[in-house]
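Got your viewer open? Let's take a walk through this structure, one selection at a time.

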Amino acid sequence: MKIQRYTASQMGTGAFDGGRITEIKPIGFPHEGGAVTRVSTLFYWAWAKAKEEGYIPPHPHQAFEILSYVIQGKTHHGDSLGTDSVVGAGGAQLIQAGSGVEHSERIVGPDADMLQIWFEPNLLEARKRPPHYAQFEHEAFPVHESGGATVKTVLGDGAPFRLVADARMWDITVQAGYSYEAVLPPGRTWTGLIIGGKGSIGSVEAGEELVQYAGEQFIISTGKEDDNEILRIQAEEATRLIAIEVPTNVDYPLYRK
């Protein structure tokens, strides 16, 4: 199992509304200074924060599937489909941009904290579909607790969203002194944004080196082509992370940034 670790200083950065919204970007555009600009169909990943509130005016999107996940605070959303909505902490919204849509965003605190993640379906086909918007609050997502770990499924089995792009996503909390094991199927890549905590992550196979993490970090793990692997997160301090799994390769052309 190949594991790569990136600290906050290796991620891209951005800001909106005169700095009222600040971002670090585990996956960004090349000009934003980050080490990672794509992980297969995982095209863009921004972690936005606003001490009080900040506004991003209307702007267009096409073809990509854009998921916004609220960690703390609220996000207000408006779009050219006529949507005017608010999503609270633990909730999420999905824009399937299709043939084209404009939207605006307002992040409201105090201490608002949210993720925006772009997934890439086959863009040639996606552009032919009408745009679509959906949102769900925290209670709509399945949550499983076991052995000191709490796992909320945001994309995948039992989750209310249905993407065209192949992706699974979880919000994971591991209590101090406990561990969590994720199955990485063959031909898949696992990414994890550590929101907070301290510990180690690595394969359960003997002889595999563990990667240490502390604070805000980004992990990429690529599995085998022919067998499952088990990725273990061992929490020295209580740890929260957002994990996304995508296919390592796809059979359609990906957009060149």
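Start by selecting Arg 188. With a relative accessibility of 11%, this residue counts as buried, because the cut-off for buried is under 20%. Keep in mind as you click around that you are looking at a predicted model.

Now add Glu 245 to your selection. Its side chain meets that of Arg 188 in a salt bridge, at 2.7 Å from N to O. Glu 245 sits in strand S18 and Arg 188 in strand S15 (residues 188-203), so this pair ties together parts that are 57 residues apart in sequence. Is Glu 245 buried or exposed? It's buried, with a relative accessible area of 2%.

Next stop: Arg 240. Show its side chain together with that of Asp 171, and you'll find a salt bridge of 2.6 Å, N to O. Asp 171 belongs to strand S13 (residues 168-174) and Arg 240 to strand S18, so here the linked parts are 69 residues apart in sequence. Colour the two by accessibility: Asp 171 counts as buried at 7%, while Arg 240 is partly exposed at 26%.

Slide over to Thr 239, which is also found in strand S18 (residues 229-247). At 1% relative accessibility, Thr 239 counts as buried. Which side chain does Thr 239 join in a polar contact? Select Tyr 213: the contact between the two side chains is 2.8 Å. Then bring up what else touches Thr 239, leaving aside neighbours within four places in sequence: the contacts include Ile 172, Thr 173, Val 174, Ile 194 and Lys 198.

Time for another part of the chain. Pick Glu 23 and Lys 25, which form a salt bridge with their closest N and O atoms 3.4 Å apart. Both of these residues are buried. Add Glu 32 to the view, and you have a network of salt bridges linking Glu 23, Lys 25 and Glu 32. As a general point, side chains of opposite charge can pair when their charged atoms come close. If you'd like to hunt for the rest, the salt bridge count comes to 14.

For a last selection, highlight residues 56-118. An unreviewed UniProt entry places the feature "domain: Pirin N-terminal" there. How much of this stretch is helix, and how much is strand? Switch to cartoon view: residues 56-118 are 0% helix and 76% strand. Finally, try your distance tool on the C-alpha atoms at the two ends of that stretch, which are 17 Å apart.

Note on methods
Residues numbered from 1 in each chain as written. Predicted model: local features only at pLDDT ≥ 70, side-chain atom pairs only at ≥ 80, totals over all residues. Heavy atoms only, no water. Helix = DSSP H or I, 4+ residues; strand = E, 2+ residues; numbered from the N terminus. Buried < 20%, exposed > 50% of the residue type's maximum accessible area, 1.4 Å probe, protein only. Polar contact = N/O pair within 3.5 Å; in protein donor to acceptor, adjacent residues only side chain to side chain. Contact = heavy atoms within 4.5 Å. UniProt positions renumbered as here; feature names shortened; annotations may be inferred. Salt bridge = Lys/Arg side-chain N within 4 Å of Asp/Glu carboxyl O.
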